[in-house]
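Colleague: Got a minute to go through this model with me? Put it up and I'll start asking.

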Amino acid sequence: MIGDHRTHAAFSARAMIRAALAMVVALWPVLAWAHAEQGRAAGFLAGVHHPISGLDHVLAMISVGLWGAQLGAPAIWLLPVTFPVVMAMGGMLGLLGVHLPGVEIGIIFSGIVLGLTVFAEWRPPMGLAAAIVGCFAVFHGHAHGVELPAGASGLTYSIGFVMTTGTLHAVGIGIGVIHRWGWGRLALRASGACVTTAGLFFLWKVLA
Amino acid sequence: MKRRGGLFPLLAMAFMLVAAETAPAHEVRPGFLELREIDPNTYSLLWKRPTGGEVEIQIAPVVPEGCRLSTPDRQQLTPGAVVVRGTLTCEGGIAAKTLRVAGLETTITDVLVRIHHADGRLESHLLRPATPSVTLGGLTSGLQRGISYVQLGFQHILLGVDHLLFVLGLLLIVSSRWMLFKTVTAFTAAHSITLAIATLGYASVPLPPLNAAIALSILFLGPEIVRAWRGETSFTIRHPWVVAFAFGLLHGFGFASGLTTMGLPRAEIPLALLLFNVGVELGQLGFVILILLLERAFSVLEVRWPRLAARLPGYAVGTLGAYWTIQRTLILLGGLR
Amino acid sequence: MRWGLLRAAIASAATVPMIPAVASAHLVNTGLGPFYDGISHLTLTPEDLLPAIALALLAGLRGAYAGRLALFIFPASWLIGGLAGLAWPTVGTAPVPIAVGFILLGGLVATDANIKPSWVVVLAIGLGLFHGYLNGAAMSQARLGALGLGGIVAALFAVVALVAALVVALRPPWTRIAVRVAGSWIVAVGLLLLGWSLRAA
């Protein structure tokens, strides 16, 4: 693999990342002090907060990452590239007021179904897996889009929203790394069972 | 031997733009307004307006509504500042009154406002061109005051194009990473020393000759850069950290002008000094890192500058150094006459 | 070691879009004069910074030559567009074309589209003229003038140089995926922005 051959350029790229980060961290508060426009910063924070405001959303996003890690390549990288886009499409439909049937029930079932797939380590053909995940992504995005508060700053809200969603996937994929060990596979399947249980609990709460 | 010959012309152009804009007022010395409650509703006022720069800064605090200011003929001209003392009487106290500094919008100067209340509370605000007024009465924490000192230092270095240009000149001469580290550290240590000496009041340097000397230090680097291009060597090229230290002492006095004219309360000077210096170092470090990162980026992208473009930063250092030396010497001579 | 790299990449990926948003502002007054106002405008305004990052990512993915082209042509067209905006300003923004630009550029990054360097040039010119014009028009209202524009263009040059060089220097295959993920995030932001602006309209 090319990556293992550590070239000078690759090394300095890492140094660049670190240095750039350090600089940004060091300078930003001073430079940006008192310049934050209230509305826009608030929009960003609202956007960050929204995807993590409901446990059902959070669990579904993380399970998507877990499942991707179980499936391995190419799903593990196809997923984080396509999911935000599909979800944003759902969000756009929601923003535009386009009605989708069965969003509520779709979201509740997304947790149950995704949890089950992780539990069963189900390996459907790539196309089917993408269709399932894509469907749920549209539902989740749509729900978020409909719920968006009026008057928030659209752009910064969107940035915050996309960042959090992406980070939730990353968390799922990051946890999924344990898949390479035997005990890890077991733990992943167990967490899938937990997600399903939680999903059933949400379903029961809605029905009761 | 030479590594930093192929630096980036755009930066030099950016420099010249900033220089053209801010050079006339490159000394960003903040104003200082102090109100000390001596009786209920009565405050002694101390106002320091920076002077002696290359342009006069026309700013003045506006007496808040419902207040009266009496200044019994006490305007003093001190080196670097016009000082006004007086007594401010406000019906019903100073709380919730709006304090504005007129003319601040059109400057690039800040004004530090401190209010000593009779009960020992200390209120402090930093007025800036973007926010030239403040509503009094709020409490300020030590943290807020600290941040405003860091901010002052950071701004001071960002606007001190002459200081940044000197650092750029050093970067153009330095040929290895270790030498770079030594040089930047020497410069930092030297200007920290004189910044402390000047701020604590042990020594002071009048501004006009100091400015001329700082300009001369930049001009000094010009020929050294040319020598480095030619592959020649000199004491400066072999030991840039010595030069950085020697001239750093000079630049430290320059930084101090950003702090000494404020007339800070004695007790707060050490903290202010430290935090102001932190701000200066942050700005300087950011500048050095940015230049190194850009240089690396250009080599990754395999940018080949035309010969003239590659030398533009060096020429910028020499030319602006010469220009400032002449300009500031003329000011110095004009001041003596 | 590789996980250390991953962490750094994730951290940087998370930081880059966060910067503008944490302290977003349109035309800021830094108190440091119009040049620094211009610099902070670019760094604090996601409408302008995100497409610039996207173009730099795209050019970097296409290699050093494309990166070099973008490095010089993009800021130059931005400058020309900005001068035009200063000379003939109009009022208002254009959120829909901005969102479409996000989607287009982000999409090219996300798919790692193997476009020719000449197309990178076309995109750089189009995007630069468009955003530069909007900037110039805003600058003329805020009376920041050519010097503010100079600050924006200088900052743009630095951003493109750093981001494109970073991408060119990436060696391990998974780091390209990280860049593509960043592209897909930009597409997602563009889609949501499109939804917002169409709803508002």
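Colleague: How much of chain B counts as buried?

Modeller: Of its 337 residues, 48% count as buried. Keep in mind that this is a predicted model.

Colleague: And what's the secondary structure of chain B?

Modeller: Chain B has nine helices and ten strands.

Colleague: What share of the chain B contacts with a separation of 6 or more comes from residues 24 or more positions apart?

Modeller: That share is 79%.

Colleague: OK, strands. How do β1(B) and β2(B) pair?

Modeller: They're antiparallel, with seven bridges between β1 (residues 31-39) and β2 (residues 42-50) of chain B. One of the bridge pairs is Leu33(B) with Trp47(B), the latter sitting in β2(B).

Colleague: What's in the turn of that hairpin?

Modeller: Two residues lie between β1(B) and β2(B), and Asn41(B) in the turn has a positive phi of about 70°.

Colleague: Which strand is joined to β2(B) by nine bridges?

Modeller: That's β6 (residues 81-90) of chain B, and it runs antiparallel to β2(B). Across that pairing, Leu46(B) stands opposite Arg85(B) of β6(B).

Colleague: Switching to the cores. Which residues touch the most other members in the largest nonpolar one?

Modeller: Leu55(C), Val160(C) and Ala164(C), in a core of 180 residues. Helix α7 (residues 145-169) of chain C gives the most to this core, 19 residues.

Colleague: What does Val160(C) contact, leaving aside neighbours within four places in sequence?

Modeller: Val160(C) is in contact with Ala52(C), Ala56(C), Ala70(C), Leu71(C), Phe74(C) and Pro75(C). There's also a second, separate core of 19 residues, and Trp47(B) is one of its members, along with Ile57(B), Ile59(B) and Ile115(B).

Colleague: So Trp47(B) from the β2(B) bridge turns up again. Now the helices: how do α3(C) and α7(C) cross?

Modeller: The axes of α3 (residues 46-61) of chain C and α7(C) come within 8 Å and cross at roughly 40°. The crossing is right-handed.

Colleague: Which residues make that contact?

Modeller: On α3(C), they include Ala52(C), Ile53(C), Ala56(C) and Gly60(C). From α7(C), Leu156(C), Val160(C), Val163(C) and Ala164(C) are among them.

Colleague: How many of the residues in that contact are nonpolar, polar or charged?

Modeller: By class, 14 are nonpolar, one is polar and none are charged.

Technical notes: Residues are numbered from 1 along each chain as its sequence is written. Chains are lettered from A and ligands numbered from 1 in the order in which they are written. This is a predicted model: local features need pLDDT of at least 70, side-chain atom pairs count only at pLDDT 80 or more; totals for chains, interfaces and linings use all residues. Helices (H or I, at least four residues) and strands (E, at least two) are DSSP runs, numbered from the N terminus. A residue is buried if 20 or more other C-beta atoms lie within 10 Å of its own, exposed if 12 or fewer, and partly exposed in between; C-beta atoms are placed from the backbone. Two residues are in contact if their C-beta atoms, placed from the backbone, lie within 7 Å. Two strands pair if DSSP finds at least two bridges between them. A nonpolar core is a set of buried Ala, Val, Leu, Ile, Met, Phe, Trp, Tyr and Cys residues joined through C-beta atoms within 7 Å. Axes are lines fitted to C-alpha atoms, for helices over the stretch in contact, and angles run from 0 to 180 degrees between N-to-C directions. A crossing is left-handed if the near helix is turned anticlockwise from the far one by less than a right angle, and right-handed if clockwise. Ala, Val, Leu, Ile, Met, Phe, Trp, Tyr, Cys and Pro count as nonpolar, Asp, Glu, Lys and Arg as charged, and the others, Gly among them, as polar.
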